[in-house]
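Here are my notes for you, written as numbered points. Keep the viewer open while you read and click on each residue as it comes up.

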Amino acid sequence: MAEKIILASGSPFRKALLVHAGVAVEAVLAAVDERALEAPLQGSGISPEDVALVLAEAKAAEVSERKPGALVLGCDQTLSLGDEVFHKPADMEAARRHLLALSGRTHQLNSAVVLARDGAVLWRHVGVASLTMRKLDPAFIGRHLARVGAKALSSVGAYQIEGEGIQLFERVEGDYFTIVGLPLLPVLAKLRVFGAIDG
């Protein structure tokens, strides 16, 4: 019998992906300070994929301790450009700097997912996608950000590939769901293994 999954994420995109896939889900925001968790990892040599896993696991564990018996899905995504890890831009100027830095270069999106119950991690996975942004004229970046507005502040790369952000790219290699922030097919497969969804 299917059970309700707790999504330890405030992302409306992740929730929508699960709901559209027919998964009963309740979103509960994790009480986790991501930057404080990440600070000791900087300069440690940890990969951007593992940073995403650490954050996803912290979210899943925190929410699963508050929701006894529930199956909790924690998620996090990092954007890496070489050794540099990007975070959601704080304002439109930061979004502009993100797009200038990514212009004409290939970056990775690392989407981590962790399933936990009662504070114990049951499964972890990271999906990785590579995206090559076309060379962007600074004036175009300004016009683009003026059109998309605050939506640019809701993702690590200052773009949303499911919207007008697709126009920024010349090549995308990887799973669409991983790019949006939830490697959906591996998640669904694992939920079936756990008997949480019909399969």
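1. Start at Leu 131: its bridge partner in β7 is Val 172. That pair belongs to the contact between β6 and β7, where 4 bridges join two antiparallel strands. Bear in mind throughout that this is a predicted model.

2. Now look at β6 and β5. These strands run antiparallel too, and 12 bridges join them. If you want one pair to click on, try Ser 111, whose bridge partner in β6 is Gly 127. While you're looking at strands, a bit of background: in a regular strand the side chains alternate between the two faces of the sheet.

3. What sits in the hairpin of β5 and β6? There are 2 residues between the strands, and Asp 118 takes a positive phi near 55° there. Most residues other than glycine have a negative phi, and Asp 118 is a residue other than glycine with a positive value. Is Asp 118 buried or exposed, or somewhere in between? Asp 118 counts as partly exposed because its relative accessibility is 47%, and the limits for that class are 20% and 50%.

4. Compare that with Ala 158, which lies in the loop between α5 (138-148) and β7 (169-173). Ala 158 is not a glycine, yet its phi is positive, about 65°. With a relative accessible area of 1%, Ala 158 is buried. So here you have a loop residue that falls under the 20% cut-off for buried.

5. Next, go to α5. Its buried residues are Phe 140, Ile 141, His 144, Leu 145 and Val 148. Why do they end up on the same side of α5? They cover an arc of only 135° around the axis, and that puts them on one side. The buried residues of α5 pack against α4 (92-102).

6. Check both ends of α5 while you're there. At the N-terminal end, Asp 137 acts as a cap, with a side-chain oxygen 3.0 Å from the backbone nitrogen of Ala 139. Just after the helix comes Gly 149, with a positive phi of about 60°.

7. Then turn to α4. Which residues of α4 are buried? They are Ala 94, Ala 95, His 98, Leu 99 and Leu 102. Looking down the axis of α4, you'd see these buried residues fall within an arc of 135°, so they line one face of the helix. What covers them includes β3, β4 (84-86), β5, β6 and α5.

8. The ends of α4 deserve a click as well. At its start, a side-chain oxygen of Asp 91 reaches to within 3.2 Å of the backbone nitrogen of Glu 93. After α4 comes Gly 104, and its phi is positive, near 75°.

9. Have a look at Thr 78, in strand β3 (residues 71-81). Thr 78 counts as buried because its relative accessibility is 3%. Leaving out residues up to four places away in sequence, Thr 78 touches Pro 48, Glu 49, Val 51, Ala 52, Val 85, Gln 108, Leu 109 and Asn 110. With Pro 48 there is a polar contact to point out: a polar atom of the Thr 78 side chain lies 3.0 Å from the backbone oxygen of Pro 48.

10. Ser 11 is found in the loop between β1 (5-8) and α1. Ser 11 is buried, since its relative accessible area is 15%. A polar atom of its side chain lies 3.1 Å from the backbone nitrogen of Arg 14. You can also try a distance across the chain: Ser 11 and Leu 188 are 177 residues apart along the chain, and their C-alpha atoms are separated by 18 Å.

11. Last, the empty space. Rolling a probe the size of a water molecule over the atoms shows where empty space is left. The largest pocket has a volume of about 640 Å³. It is lined by 32 residues, and the closest to its centre are Arg 14, Lys 88, Ser 154, Ser 155 and Val 156. The elements that give two or more residues to this lining are α1 (12-20), α2 (34-38), α3 (48-66), β3 and α6 (176-180).

Terms used
Residues are numbered from 1 along each chain as its sequence is written. This is a predicted model: local features need pLDDT of at least 70, side-chain atom pairs count only at pLDDT 80 or more; totals for chains, interfaces and linings use all residues. Side-chain values use heavy atoms; hydrogens and water are left out. Buried means under 20% relative accessible area, exposed over 50%, partly exposed in between (1.4 Å probe, protein chains only). A polar contact is a pair of N or O atoms within 3.5 Å; within protein, one must be able to donate a hydrogen and the other to accept it, and residues adjacent in sequence count only if both atoms are side-chain atoms. Contact means heavy atoms within 4.5 Å. The arc is that of the directions from the helix axis to the C-beta atoms. Two strands pair if DSSP finds at least two bridges between them. On a 1 Å grid over the protein atoms alone, a cavity is a set of points where a 1.4 Å probe fits but cannot get out, and a pocket is an open set with protein on both sides within 12 Å along at least five of seven lines; lining residues have an atom within 4 Å of a point. Grid points are joined across faces, edges and corners, and a volume is the space filled by probe spheres set on the points.
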